[in-house]
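Colleague: Could you take a close look at one part for me, the place where the two chains meet, and set it against how each chain is built? I would be glad of a connected account rather than a list.

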Amino acid sequence: MGRIGGPLSALAQTKWQLRLAAAQHSMEAMRIAIIDESAGRAAIIQEGLHDVGLTDTVVLTDRRGILAQLEALAPEVVLIDLENPSRDVLEEYFAVSRALARPIAMFVDQSDEEATTAAVDAGVSAYIVAGLSRNRIKPVLDLAVRRFQAFSRLQAELHEARTALADRATTDRAKAILMRRRGLDEPGAYALLRRHAMASNRRIVEVAEAIVTAEALMGDLP
Amino acid sequence: MSLDRVRVGFLPLVDAALPIVAREQGFAEAEGIDLVPVRDLSWATVRDRLLYGRTDAAHLLAPLAIATALGRGRPAVPIAVPFVLGLNGNAITLSPALADVVSPGAGLGEPHAVGTALAAVARARLAEGRPLRLGVVHRYSSHNYMLRYWLAACGARSDAGVETVTVSPPFAAEALAAGEVDGICVGEPWNSVAVDRGAGRIVLVTAQIWRRGVEKVLAARTERLTDAPELFHRLIRALHAAAAHFVRAGTIEGTAATLARPDYLDGSAELIRRAISDRIRLAQGEPPLHFPDFMFQYREAANFPWRSQAAWLYSQLVRWEGLPYSADAARVAEGVFRPDVYRAALAGGPAPLPGANSKMEGALARETGVGSIQGRLMLGSDRFFDGRTFDPDHIPSYLASLDR
């Protein structure tokens with residue numbers, strides 16, 4: 001297969017190899033690329049890596065030009081979210097690129113299937129240059145997994161909070177409609193909503209939505 | 001009755017139709033299965049979820065199933081393919097300017113003529129230092145193998161003048177429009193998206209290269225299949241019933257509307273309807289052309305996993321990766337396809353069951369009756385465009401006969 005982008009210069013290759021040699025000795029020298037279309041999530045991971053002293057990190061959020069950027073950055077570790085449509089393009093690049101001084105392969109630690117399964121569940125995959133020891137990769141992957149999980153939790157909480165807010169707004173609007181049309185006070189309107197929900201085996205917010213919709217469609221009718 | 005849950009990974013492509021139809025039309029439920037489609041956006045992720053047990057089965061590129069079993073690029077994992085989800089359905093779309101040069105007439109091109117003209121363009125472009133670049137969806141795809149097979153037979157071996165690069169299908173039209181690639185070989189609806197945007201013209205469909213080329217398959221980890229054979233038999237029956245429904249008259253509108261849903265393909269029902277009714281618009285503004293063999297989901301026992309098809313894919317893997325032929329690897333590759341499981345699942349039903357596990361590929365020039373142990377089976381022409389035949393028992397001599 002072909003490749004995109006020009007060959008890496010001899011100088012860049014030498015620089016990269018020097019850095020890789022350094023990476024065998026100190027965490028700080030390990031360059032990590034984070035590929036994620038969600039800039040927010042990438043920032044959370046980057047911050048986590050920074051906290052443990054892994055400061056040489058780069059975030060790539062745009063799929064355009066991604067291979068050329070990777071080639072210039074020559075990272076030792078690439079973290080990418082599983083939902084990223086560019087994964088096939090990247091795997092192809094890692095498999096055949098002659099531009100990379102050392103091959104990059106997916107982290108598949110068969111001695112620790114649980115770790116890889118956890119990564120798949122968290123939604124992240126890791127590609128590592130050949131020769132980097134597993135002991136040094138494991139903490140990076142574990143951290144990425146924890147940060148991905150934390151991000152999912154945050155999103156779930158945010159979604160819940162938004163839904164709760166929206167539900168409350170809908171219920172308030174339905175109550176206001178009942179108060180106006182039926183001449184009820186607020187507790188009376190709410191009691192009516194609740195009774196109807198229980199009788200029809202629906203959630204209060206579902207009944208409220210029906211009222212709001214009906215009002216929007218037929219509220220002007222006598 | 002409580003249902004057994006079966007999670008099936010898929011990519012949003014029209015040939016993911018059978019598991020989706022099996023769920024939506026109740027064929028899975030009738031077999032006691034709660035079929036849960038799991039949508040992903042890269043084959044790498046479809047494969048990873050399958051390998052790590054997050055799905056039970058997956059809509060997968062046939063060559064990727066074989067490459068996974070052979071451990072190409074990662075540790076080998078035994079994979080079983082008991083059911084083929086479809087034959088062909090891909091097309092070659094070139095930028096309008098290039099299409100006008102290599103396929104000047106209206107309609108689909110003639111493979112030899114287009115290939116020879118493309119080879120000449122490739123040589124000129126190579127001399128200018130800007131090699132022709134074609135996008136395929138994956139290194140281990142029938143798209144890649146058919147494109148290379150065709151170009152090589154027309155004098156343009158892809159490692160001498162034509163670059164092939166991986167493009168992700170949803171971005172293929174964009175890559176073509178931006179000039180990142182000169183052409184794409186992808187499945188539907190992505191060729192049509194490029195055509196409707198005016199970014200490309202369809203010059204060939206892959207069925208013109210190999211009339212009955214295996215495309216997507218239902219893949220599972222062999223371990224999972226061995227643990228629950230009866231569950232997989234029910235899944236295969238559900239998929240087979242879905243395939244019969246898929247080709248039944250009057251179902252196309254409904255199927256297209258289902259596939260277009262945001263949780264499935266999230267695309268245009270009109271483009272999907274065209275593809276599944278074998279009607280393809282070749283150029284912007286033209287009426288769609290009816291090409292009856294565009295995609296094959298049911299007829300002629302299309303779902304039967306012929307071991308000879310797996311063997312052909314292995315021959316191309318060896319050819320294009322520059323690997324030595326290995327009888328052991330060939331055995332592993334052929335063993336991925338499981339006609340035994342297909343027969344066990346569909347025995348006693350209406351499905352015609354071939355008697356053989358393998359056949360000469362490309363040997364049928366016209367519709368021919370073949371031996372079956374159940375039902376009556378006629379197979380249509382399965383020719384390769386260059387008239388070659390492939391004997392799965394003689395892979396080394398086949399490889400030697402190709403321009404290596």
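Modeller: Happy to. Let me begin with a term: a residue counts as buried if 20 or more other C-beta atoms lie within 10 Å of its own. Please keep in mind that this is a predicted model. By that criterion, 32% of the 222 residues in chain A are buried.

Chain A holds eight helices and five strands. Reading from the N terminus, their order is α-β-α-β-α-β-α-β-α-β-α-α-α. If you take the contacts in chain A with a separation of 6 or more, 66% of them join residues 24 or more positions apart.

The domain assignment splits chain A into domain 1, residues 10-156, and domain 2, residues 157-218. Where these two touch, domain 1 of chain A provides four residues and domain 2 of chain A also provides four residues. On the domain 1 side of that contact in chain A, two residues are nonpolar, one is polar and one is charged.

Now to the part you asked about. Between the chains, 21 residues of chain A are in contact with 22 residues of chain B. On the chain B side, the elements giving two or more residues are helix 3 (43-51) and strand 8 (162-166) of chain B. Helix 3 of chain B makes the largest contribution to this side, with five residues. As for chemistry, the side of chain B that touches chain A is made up of eight nonpolar, seven polar and seven charged residues.

It helps to place this side within chain B as a whole. The assignment for chain B lists domain 1 (4-86 + 214-267), domain 2 (90-208) and domain 3 (307-401). Domain 1 of chain B is thus written as two segments. The C-alpha centres of domain 1 and domain 2 of chain B are 28 Å apart.

Chain B also has a contact of its own between domains: 13 residues of domain 1 of chain B meet ten residues of domain 2 of chain B. Helix 4 (residues 62-70) of chain B gives the largest share of the domain 1 side there, namely four residues. That side of domain 1 of chain B comprises nine nonpolar, two polar and two charged residues.

To put the two surfaces of chain B next to each other: the side that touches chain A has eight nonpolar, seven polar and seven charged residues, while the side of domain 1 that touches domain 2 of chain B has nine nonpolar, two polar and two charged.

Key
Residues numbered from 1 in each chain as written. Chains lettered and ligands numbered in written order. Predicted model: local features only at pLDDT ≥ 70, side-chain atom pairs only at ≥ 80, totals over all residues. Buried ≥ 20, exposed ≤ 12 C-beta atoms within 10 Å, placed from the backbone. Contact = placed C-beta atoms within 7 Å. Domains from an automatic or database assignment. Nonpolar A, V, L, I, M, F, W, Y, C, P; charged D, E, K, R; others polar.
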